[in-house]
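Morning, everyone. Let me put the structure on the screen, and then we will walk through it.

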Amino acid sequence: MTDTLFPAATGTMGQPERRYEAREKVTGSAAYASDVKLARTAHAYLVTSSIGRGRLQSFDLTAARALPGVIDILTHETIGDEIRQTPSIYGGGYMADTLRPLGSAEIAHWGQPVAMVVAETYEAAREAANLVVVSYAAEVAPVAGMGSSVATGQALDPMGFAVGDFDTAYRTANVTVDANYTTPAQHQNPMELFATQCVWEAGRLTVHEPSQYVNNVKFGLAAQLGLDPSRIRVISTYVGGAFGAKGFLTHRTALVAVAARRIGRPVKLVPTRAQGFTVSGYRAETRHHVQLAATQDGRLTALRHEGWEVTSRADTVAMGAVSMTARLYACPNITARVNVVAADRSTPGFMRAPGEMPYAFAMETALDELAHKLQMDPVALRRVNDTQTEPVGGLPYTSRSLMLCFDTAAAAFGWQGRPSEPATMRDGDWQVGWGCATAFYPTHAGNSAARVRLSADGRVHVESAGHELGQGMYTMMAQVAAEELGVPIAQVTVALGDTDLPPAVVAGGSSSTASVAPAIMAACDAIRRRLGIATGVPADVMPAMEASGLGTIEEFTEVRAHGTAPDSLRGLYRGMALPAGGVHLPDRVQFALGAQFVEVRVHRRTREIRVPRVIGAFAAGRIINPRTAHGQLVGGMIWGIGSALHEHSEIDTRNASYINANLADYLVPVNADVADVQAIMVEEEDRLVNRAGVKGVGEIGVVGVAAAISNAIFHATGIRVRDLPIRIEHLM
Amino acid sequence: MRPFQYLQPATLADVIVAQREAPSAVPATFLAGGTTLIDLMKLGVMQPERVVDLRLAGSDFAQIRFDGATLRLGAFARMAEVADHPVVAASFPVIAQSLSLAASPQLRNMATLGGNVLQRTRCAYFRDPTWAACNKRTPGSGCAAVDGANRQHAVLGTSSQCIATYHGDFAQALMALDASVVLGGPAGTRTIPFAALHRLPGNTPHVETTLHPGEIILDFVIPAGPWASRSLYLKIRDRQSYEYAVASAAVAVAMNGDVVADARIALGGLAAVPWRAHEAEAILRDAVLDEATATRAAEASFAAAVPQSHNAFKIALGRDTLVRALLQAASMEVRHD
C-alpha cells in the first residue's frame with residue numbers, strides 16, 4: 001500500500017514512519033490499564049449521588065453486605081480519614097477538583113461518588129451497589145448552570161485586559177457587529193473508560209491507570225494517602241483516548257488504593273460510561289458577547305470579547321481564551337473580560353482545545369458576520385487584519401503563517417468564485433454553503449527529562465515518562481532518537497508512561513512532542529559528544545561507537561522549556577511539570593495557526609445538516625511524523641464536526657444531572673457523518689519555539705471547525721445560528 | 001448481577017410447557033436477540049425473575065418466504081438478514097430501508113424482528129431508575145419527562161400519564177403495509193392486525209401491547225400490493241447513522257398515472273406507538289400527488305398533535321418529513337405499478 005496521504009520528508013517534514021505499537025494495537029495484544037492481569041483481583045463499583053445538592057442522611061447497607069461475594073463497602077462513614085484533604089490543581093495541588101473523596105456527607109453535585117462496593121466479581125459488586133440504599137436529606141434545588149435564574153456571574157479580573165479606547169472606537173465606527181454566542185457542556189468520552197487497578201506489595205503501591213500525567217497521579221496520591229512518593233509507582237503503557245479527561249488525579253484512584261490496602265488484595269475499578277460523565281472534568285458551557293468595529297475596508301478598529309463559563313462551587317475554573325481571541329488580528333482598541341458562573345456541578349476541566357474551541361466559535365463567527373456586513377470575502381477580511389505582532393502587548397509572533405494557510409486551503413477547497421450572497425447555492429433539494437475560519441492553538445512546552453542508551457550492536461533504547469494517548473508518542477520518541485543517532489528506527493525501543501522512568505511533562509496543551517523531543521535530542525547530543533561526533537548535523541554514530549570499544553553509552557538529560565522559571569526543574573520531580581508558552585511569555589507569543597474550510601448541505605424541507613467536505617491547512621512548525629500528525633489533525637477536525645452539530649451533554653435542571661450520559665444519546669460523529677476530511681501541513685520553520693521546532697498538532701484541528709460550519713450554514717441558508725450544537729430545529 | 005432463573009427450551013412446545021409449570025406469580029420474560037432486554041437489565045429498569053431464552057425454540061420461525069401474494073417474515077429472523085434479502089429489498093423497499101437505517105450493524109446482526117417491534121422507549125427518565133417518577137416503569141409514580149428534557153418525546157398519541165416516544169423503525173413499515181402478526185401462546189395460535197399489537201399509553205402506559213401472558217410473536221404476514229413496490233422509509237435525524245429518528249415516515253403509494261390509487265402512511269419518532277396516518281391517506285386517495293396535496297395530507301396528520309416544552313418543532317418537522325417522503329415516492333422509478 002502506498003501512502004499518498006502523507007507528505008514525504010522535505011524541509012520541516014519528517015518521515016511518515018508507521019506506528020511503533022501498531023501491531024500490538026491491531027492484534028489486541030496491547031494491554032490497557034484494565035487489561036493488566038493481577039492475581040486475586042477484587043472488583044469495585046461506584047455508587048453515585050442521584051441528587052444535585054444536599055446531604056447524605058444515612059446508608060442502609062444490609063442487603064448489599066448480605067449479597068454473596070461482597071467484601072467491603074466504602075462510605076464516608078466507613079473510610080474515616082484514610083484520604084486527606086488536598087488542594088486541586090487550581091489551588092496548587094494535584095487533584096482535578098478540591099472535594100475530598102468520600103470526604104463528608106455533603107453532596108456537591110449529581111454523580112458524586114458516595115460509596116464504593118468491593119466484591120469478588122464485577123457482577124456482584126454492581127448488584128451490591130444497586131442494593132445500597134442511600135437516604136438524602138436537606139435537598140435544595142441545585143443551580144444547574146448558566147441558564148438558571150439563581151446563578152450570577154463573577155468577573156475574574158486577572159483574566160481581563162484592555163488596550164486603547166474600545167468605547168470611543170466602537171461608538172464612532174463605520175461598521176459594527178454585536179452578538180451573543182453559546183456553547184454547551186460537552187464530555188470527552190474517550191473510548192477507554194476511567195479504569196484503575198491498585199496493588200500493594202510490601203508497603204509499596206502500584207497503580208495501573210490511563211493517564212496523561214503519571215507523575216501527577218503518583219505525587220497527588222502520595223499527598224492524599226500520606227505516603228512517601230517513592231513508595232508509589234504509576235504505570236500507563238497505553239491510553240485509549242484521553243482528550244484532557246485523564247490529565248489530573250480524580251477521586252477514584254485514592255478510593256481504589258485504600259480499598260486494596262483494606263482488603264489486602266488488588267482492586268480493579270472500571271466506572272461505567274455514565275459514571276464517566278462525573279468521574280473527571282468536562283468542557284463547561286460558555287456564553288460570549290462579542291463586539292467588533294471596522295472601517296469600510298475591513299480594518300478592525302475595536303474588538304471586545306467577554307466570556308462566561310460555568311464552574312463548580314468548589315473550584316473556580318475558567319479557560320478564558322479571550323487571551324487568544326484578542327491577539328489574533330491587528331486592532332488598536334481591545335477590551336476582554338472573563339466571568340464564571342458557579343453551579344452545583346462537578347468541577348469542569350480540560351477537553352481538547354478547552355477554551356480555544358468555544359471562544360473561537362464566538363470570535364470567528366463574529367468575524368464572518370462582519371465580513372457579511374462589509375460585503376467582503378471572509379478570507380480577505382483576515383488578510384486585511386493579518387499581523388506579525390500581537391495587538392495586546394505588542395509582542396512578536398515567533399512565526400505566523402496564517403495567510404499561507406488560508407491561501408493553501410482556499411486553493412485546495414476551490415473557494416474562488418464563491419457567491420458572496422447567502423442562500424444562493426443549490427444541489428437539488430439541498431442548500432449548499434461554504435464557510436471558513438481561523439484555527440489557532442498556543443505553542444506550549446514543559447520541562448522534561450529523557451534517557452537514551454546506545455549499545456554496541458546498534459540498538460537504541462529511549463526512556464521518558466511521556467504518554468501514549470494514541471497520538472503517536474512511541475513513534476515520535478523512536479524517530480527522534482533514530483534520526484539523531486543515525487540508526488534505523490527498527491533498532492530503537494521505547495519505554496514511556498511509567499513513573500520509574502525519567503519524568504516528563506503532562507500530555508496536555510499539545511506539548512508532548514515539543515517538550516520530550518528536545519530532551520531526547522539533548523541526550524543524543526551527549527552520546528555524540530562522548531563519541532566525538534559533532535552535533536546538529538546528520539551522522540551515523542555506529543562507526544565511532546565500534547571504534548570506541550564501549551559496550552553501551554547511556555545519557556540522561558533534563559531540558560528546561562522557554563518561559564519556565566529557573567527553579568522549575570524541581571517541579572519535574574514533584575509531578576508539577578506543566579506547559580508554559582503561548583501568550584504567557586514576556587518576550588514573544590507562540591501560536592500554531594491554521595485555516596479551515598467547510599462545505600455544508602441543508603435539506604430545504606427537513607433541515608438536516610450534512611458536512612461533505614472539510615479542508616484544513618495548518619502551519620505548526622516542524623512535523624516530525626506526518627502520518628501521526630495527519631491522524632491528530634483529521635481527528636481534531638472530526639471533533640470539530642461533533643462540536644458544531646452533535647456533542648451536547650443535556651442537563652436536567654431539577655437535579656443538575658446529565659440525562660444523555662451514554663454513547664447512543666450523547667451524539668458524536670459516526671463514519672457516515674465524516675466524508676471528505678483533508679489536513680494539509682504547510683511548511684513552516686520556527687527555530688525559536690523549542691529546539692525541535694515543533695508547535696504541536698493535538699488540539700488545533702478542532703478549534704475553527706464549529707465556526708466554519710456555522711458560517712457555512714449561514715451561507716447555505718441565510719440563517720445565522722449562534723448557539724451550539726446547531727440542529728434541525730434551529731433552521732426551521 | 002441480580003440472580004434470575006434462566007431457561008432455554010428446545011421447542012416452542014417446551015416453552016409453553018415451561019409457562020404452564022411456572023408459578024403464575026413469576027411471569028417469564030422472553031429473551032430473543034437481547035439487545036433491549038440485556039441493556040435494560042444492566043440499567044436495573046427490567047428485573048426479571050425468570051428469563052426464557054427463545055433462541056433455540058424460535059429457530060423454526062426465522063424464515064423469509066414470499067409466494068407472490070404474501071411476504072412472511074419469521075419473528076426470529078435477524079434484522080440484518082431481512083434488510084439484505086433481495087426479494088424484500090426489491091418488492092418491499094420500505095421494509096428493507098426501515099431495517100437497514102436502524103441501529104448499527106452489530107445490533108442488526110443480533111436483534112430479531114419480533115424483539116424489534118417490542119423494543120422499549122428511549123425516554124431518559126424511563127431508562128434511569130433513580131428518577132422515581134415514571135408511570136411506564138412504576139405505575140402511578142408520575143412522569144418526569146413532562147417537566148424535563150423532552151426534545152425526543154412524542155407529539156402524537158401521548159397522554160397526561162406518559163409522553164414517551166415509540167422509537168422503532170420497522171414497525172412503521174409494518175403499519176404502512178397493513179401487516180398482521182401471528183402469535184403463539186398457551187391458548188394456541190392467533191393472528192391479529194399489527195396495528196392492534198401496541199396500546200396507546202392512556203392511563204396505563206406500563207401496558208404496552210395486547211399480547212396475552214406467555215404469548216410470543218411468531219410471524220409477520222405482509223400482503224403484497226401495488227403500493228408495496230412504490231414504498232420507502234424516510235428517516236430524519238441529527239446524525240446520519242446510528243440514531244433514533246427525530247421524525248420518520250413510511251409511505252407506500254399505488255399510483256394511477258399522477259393520481260393516487262391507494263396510499264398507506266405511518267409516522268415514526270413522533271408518536272407514542274407505531275402511528276398510522278389515516279387522515280393523510282384519505283386526503284391523498286384519488287388526488288393528484290403534488291406538493292399542495294402532500295402538504296394538505298401532512299397537515300391533517302398533525303391536527304391533533306400536542307407539543308411538549310422542547311419538541312414543538314417536531315410538528316413542523318413531521319409534516320415536512322411526510323411531504324418529502326410522499327413526493328419522493330411519487331417520483332420513484334417502479335417497474336410494475
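Is B:A103 buried, partly exposed or exposed? B:A103 is partly exposed, because its relative accessible area is 23%. The cut-offs are these: buried means under 20% relative accessible area, exposed means over 50%, and partly exposed is in between, with a 1.4 Å probe and protein chains only.

Some ground rules. This is a predicted model, where local features need pLDDT of at least 70, side-chain atom pairs count only at pLDDT 80 or more, and totals for chains, interfaces and linings use all residues. Residues are numbered from 1 along each chain as its sequence is written, chains are lettered from A and ligands numbered from 1 in the order in which they are written, and side-chain values use heavy atoms, with hydrogens and water left out.

Back to the backbone. B:A103 sits in the loop between α5 (93-100) and α6 (105-110) of chain B. Helices (H or I, at least four residues) and strands (E, at least two) are DSSP runs, numbered from the N terminus. Phi of B:A103 is near 50°, a positive value in a residue other than glycine. B:D178 has a positive phi too, near 55°. Find B:D178 in the loop between α9 and β6 (180-185) of chain B. B:D178 counts as partly exposed, because its relative accessibility is 37%. Then look at chain A. A cis peptide bond joins A:L724 and A:P725, with omega about -10°. A:P725 lies in the segment after α19 (705-717) of chain A. Why point these out? Because most residues other than glycine have a negative phi, and most peptide bonds are trans.

Next, rings. How many aromatic pairs does the structure hold over all chains? There are 24. Rings of Phe, Tyr and Trp (its six-membered ring) pair if their centres lie within 6.5 Å; planes under 30 degrees apart count as stacked, over 60 as edge-to-face, and the rest as tilted. Take A:Y181 and A:F361, an edge-to-face pair at 6.0 Å centre to centre, with 85° between the planes. A:Y181 is in strand β9 (residues 175-183) and A:F361 is in helix α10 (residues 356-374), 180 residues apart in chain A. A:Y181 counts as buried, because its relative accessibility is 0%. A:F361 is buried as well, with a relative accessible area of 0%. In chain B, B:Y125 and B:W131 pair edge-to-face, at 5.0 Å and 80°. Both B:Y125 and B:W131 are buried. Ring pairs also link A:W110, A:F277, A:Y282, A:Y658 and A:Y666 into a cluster.

Now the two chains together. In all, 33 residues of chain A are in contact (heavy atoms within 4.5 Å) with 31 residues of chain B. The area buried between them is about 3,000 Å², and carbon and sulfur atoms give 53% of it. Buried area is the accessible area (1.4 Å probe) that two parts lose on being put together, summed over both. How many salt bridges are counted between chain A and chain B? Five. A salt bridge is a side-chain nitrogen of Lys or Arg within 4 Å of a carboxyl oxygen of Asp or Glu. A:D665 forms one with B:R122, the closest N and O atoms being 2.9 Å apart. Helix α4 (residues 122-131) gives the most to chain A's side of the interface with chain B, with six residues.

Salt bridges elsewhere, then. Over all chains, a search finds 62. A:D427 and A:R601 meet at 2.7 Å, N to O. A:D427 is in strand β17 (residues 425-427) and A:R601 in strand β25 (residues 591-603), 174 residues apart in chain A. A:R691 bridges to A:D525, with the closest N and O atoms 2.6 Å apart. A:R691 is partly exposed, because its relative accessible area is 43%. A:D525 counts as buried, because its relative accessibility is 8%.

One last stop. Which residues are linked in a network of salt bridges with B:D178? They are B:D262, B:R264, B:R276, B:E281 and B:R285. So B:D178, with its phi near 55°, is a good place to end. Thanks, everyone.
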